[in-house]
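Biologist: I would like to learn how to read the surroundings of a ligand. Could you take me through the model below?

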Amino acid sequence: MELIRTEKLTKFFGKRNVVYNLDLRVPEGVVYGFLGPNGAGKTTTIKMLTGALRPTYGEIEIFGMNMPRERVEIMKRVGYMPEKPIAYENMTIFEFLTYMGRLSGMKKEEARERAKELMAYVGVGRIALNKMKELSSGQKQRVMFAMALMPDPELLILDEPTANLDPLGRIEFIGRVVELSKKGKTIFVSSHIVSEIEKMCNYVGIINQGRMIAQGKISDLTQIEENEYDVVTSDNDRAMEFLREKPYIREAWEEDNVIRVIVEPKFLDEFFLAFPKYLSSNGIRLKLFKPHTSPLERILMEKFSLEVEG
Ligand SMILES: Nc1ncnc2c1ncn2[C@@H]1O[C@H](COP(=O)(O)OP(=O)(O)OP(=O)(O)O)[C@@H](O)[C@H]1O
């Protein structure tokens, strides 16, 4: 079943068409990466999904209910993390989360317990009594993540949740998303960072200028055969000897101890059989073997150029 489904979702701001005929399909239980460059229309789409903006035309169904008509019912089951933090500047983190829990219908004690648990979970436990206005943008983002999780929602909608996080914070966040997904949550997360999407998502929707460019299971979309690889072995010189003499190797060169090899696509099977055999019969260990460009990155480069962070 699809938890989120839109038909021809469209938004104009005046004459400007920001989202156009978007058919989102988000199956239950997936981690769906909503990927697109700055200004592509991700936040506008998410605001329509959460009922903060009305579509110019088009339909939105979430849990089989109509948005915005059944907004209240839908949002009871959704955890939403906005791109810009909600400002309750004079509350402490603990007060803020407890308050949000109360708003979603929890009893006071239940809200306090849940807030404590989540502050530890997102890594703000030690600054629980700091005021919202004293927080760094990354700390605020962690609090917003906790806010989204307060009602233990079935569906999480996260708008660029890692934008202000430091590298370690990003790794932690990705771990949390994977964990939540294993618990059965459906997660819809926007980002413009390809490597992040690749680490945590199994579905992707790529938009550019408000239009869907590609959508589906990442493993289905990326089944284009790669013919350029990075290779590291315990004896690169001898590995190079093999690569130089095979006519089906288009090019092979070494750069910073990594061999880059480009294979004639028609002879990939032959290469995959012969190369490991050669290595093992010469007592050479394979330390790394991977496509030079990640599959999702390649789709993007084919469609348009997008920021690619390592
Ligand atoms: N209220 C508004 N009135 C007019 N134009 C708007 C409004 N809100 C957004 N836009 C425009 O719509 C386009 C899409 O914006 P949106 O915030 O949805 O993009 P995004 O994909 O979330 O980008 P980013 O990655 O930078 O957050 C932008 O060009 C933006 O300037």
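Biologist: How many residues of each class does the shell around the ligand have?

Modeller: The shell has 3 nonpolar, 7 polar and 2 charged residues. Here Ala, Val, Leu, Ile, Met, Phe, Trp, Tyr, Cys and Pro count as nonpolar, Asp, Glu, Lys and Arg as charged, and the others, Gly among them, as polar. This is a predicted model, where local features need pLDDT of at least 70, side-chain atom pairs count only at pLDDT 80 or more, and totals for chains, interfaces and linings use all residues. Residues are numbered from 1 along each chain as its sequence is written.

Biologist: Which residues are around the ligand?

Modeller: A residue is near a molecule if its C-beta atom, placed from the backbone, lies within 6 Å of it. Among those around the ligand are F13, R16, V18, K42, T43, T44 and H192.

Biologist: Which element supplies the largest share of the shell?

Modeller: Helices (H or I, at least four residues) and strands (E, at least two) are DSSP runs, numbered from the N terminus. Helix 1 gives the largest share, 3 residues. Both strand 2 (16-22) and helix 1 (42-49) supply at least two.

Biologist: Is helix 1 mostly covered or exposed?

Modeller: A residue is buried if 20 or more other C-beta atoms lie within 10 Å of its own, all placed from the backbone. In helix 1, 6 of the 8 residues are buried, including K42 and T44.

Biologist: In what sense do strand 1 and strand 2 pair?

Modeller: Two strands pair if DSSP finds at least two bridges between them. Strand 1 (residues 2-13) and strand 2 are antiparallel, with 4 bridges; L9 has L22 of strand 2 as its bridge partner.

Notes: Buried ≥ 20, exposed ≤ 12 C-beta atoms within 10 Å, placed from the backbone.
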